[in-house]
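Okay, thanks everyone, let me get the model up on the screen. I'll go through a few spots and then the helix packing.

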Amino acid sequence: VIVCRSIRLNGARFRGEGHIVDVPRTDDVEADIRAGTIVLHAAYEAFAQCAPVSKMMASCLRSLGLARGFAGDRSGAWPLIESSRDMSRRLGDERGLVSAEITLAELCFADDEPDRAIAIARRILDTRKPNRRQLAVAMGNLTAYLFCLGRCEEARFTLLLALGEARAPGN
């Protein structure tokens, strides 16, 4: 497999770069797919490490981390999402920072760390500036986290706050 990327030079000038990546080819096709996916992810992550700091790169790192996390590779997901969060922070990109924290909370919950997920969701709501979509996601997630822990009154209150936000003028 050849993994490629384009690198912007000046203006509308680009340079192409590609690498041959060896992927397994055995009789166990399913194992080959899993192993090949890991190899391809590693190749793209290597590209990401030398890419310039940008909102787009932060978004790509977050998406790759989320994909890894939900594919079961939680230990591989964390560094990518944390890199996305740190990159967004350096860029002053509040929306990217909120998106990374929402993703971190979701992985905490998936990793059976609901209290940590709740703390992150509350921090987003208390100290960040989420846009309307992010606000709805953070409040909805917090409601679900609380409900799953049997903290029904807190979940109900959070849900009522979320509904009030959704019904506010201009929404």
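So, Asp 112: exposed, with a relative accessible area of 66%. Keep in mind that this is a predicted model. You'll find Asp 112 in the loop between H4 and H5. What catches my eye is the backbone there: phi of Asp 112 is near 65 degrees, so we have a positive value in a residue other than glycine.

Let's step from that loop into H5, residues 114–127, where Arg 116 lies. Is Arg 116 buried or exposed? Somewhere in between: the relative accessible area is 37%, so Arg 116 is partly exposed. If you set aside neighbours within four places in sequence, Arg 116 is in contact with Trp 78 and Cys 108. And for a sense of distance, Arg 116 and Leu 104 are twelve residues apart in sequence, with 9.4 Å from C-alpha to C-alpha.

Hold on to Trp 78, Cys 108 and Leu 104, please, as they come up again in the next part. H3 and H4 pack at an angle of about 160 degrees, and their axes are 8 Å apart. That makes the two roughly antiparallel, because an angle over 145 degrees counts as that. The crossing of H3 with H4 is left-handed. Who makes the contact? From H3 we have Arg 74, Ala 77, Trp 78, Ile 81, Glu 82, Ser 84, Arg 85, Ser 88 and Arg 89, and from H4 Gly 96, Leu 97, Ala 100, Glu 101, Thr 103, Leu 104, Leu 107, Cys 108 and Ala 110. Sort the residues of that H3 and H4 contact by class and you get nine nonpolar, four polar and five charged.

Two of those residues deserve a closer look. One is Arg 89, in helix H3. Arg 89 comes out as partly exposed, at 43% relative accessibility. Beyond its neighbours within four places in sequence, Arg 89 has contacts with Leu 97, Glu 101 and Arg 128. Then, if you look across the model, Arg 89 and Phe 147 are 31 Å apart, C-alpha to C-alpha, with 58 residues of separation in sequence.

The other is Thr 103, over in H4, which runs over residues 94–110. Buried or exposed, what do you think? Thr 103 is buried, because its relative accessibility is 6% and the cut-off is under 20%. And what does Thr 103 touch, if we don't count residues up to four places away in sequence? Arg 62, Leu 66 and Ile 81.

Now, Arg 62 and Leu 66 take us to H2. Helix H2 covers residues 55–70 and helix H3 covers residues 74–91, and the two pack at about 160 degrees with axes 7 Å apart. So H2 and H3 are roughly antiparallel as well. Their crossing is left-handed. On the H2 side, the contact has Lys 55, Met 57, Ala 58, Leu 61, Arg 62, Leu 64, Gly 65, Leu 66, Arg 68, Gly 69 and Phe 70. H3 answers with Arg 74, Gly 76, Ala 77, Leu 80, Ile 81, Ser 83, Ser 84, Met 87, Ser 88 and Leu 91. Class by class, the H2 and H3 contact has eleven nonpolar, six polar and four charged residues.

Last stop, H6 and H7. H6 packs with helix H7, residues 152–167, at an angle of about 165 degrees, and the axes are 8 Å apart. Again, that means the two helices are roughly antiparallel to each other, and the crossing of H6 and H7 is left-handed. Arg 132, Leu 135, Met 139, Leu 142, Thr 143, Leu 146 and Phe 147 of H6 meet Cys 152, Glu 154, Ala 155, Thr 158, Leu 159, Leu 161, Ala 162 and Glu 165 of H7. By class, the H6 and H7 contact splits into ten nonpolar, two polar and three charged.

I'll finish on Thr 143, which sits in H6, residues 132–148. Thr 143 is buried, at 14% relative accessible area. Where does its side chain go? The side chain of Thr 143 reaches the backbone oxygen of Met 139 at 2.8 Å. Leaving out residues up to four places away in sequence, Thr 143 touches Ala 155, Thr 158 and Leu 159, and those three are among the H7 residues in the contact I just read out.

Technical notes:
Residues numbered from 1 in each chain as written. Predicted model: local features only at pLDDT ≥ 70, side-chain atom pairs only at ≥ 80, totals over all residues. Heavy atoms only, no water. Axes fitted to C-alpha atoms, helices over the stretch in contact; angles between N-to-C directions. Helix = DSSP H or I, 4+ residues; strand = E, 2+ residues; numbered from the N terminus. Parallel < 35°, antiparallel > 145°, perpendicular 65-115°, else oblique. Left-handed = near helix turned anticlockwise from the far one by under 90°. Contact = heavy atoms within 4.5 Å. Nonpolar A, V, L, I, M, F, W, Y, C, P; charged D, E, K, R; others polar. Buried < 20%, exposed > 50% of the residue type's maximum accessible area, 1.4 Å probe, protein only. Polar contact = N/O pair within 3.5 Å; in protein donor to acceptor, adjacent residues only side chain to side chain.
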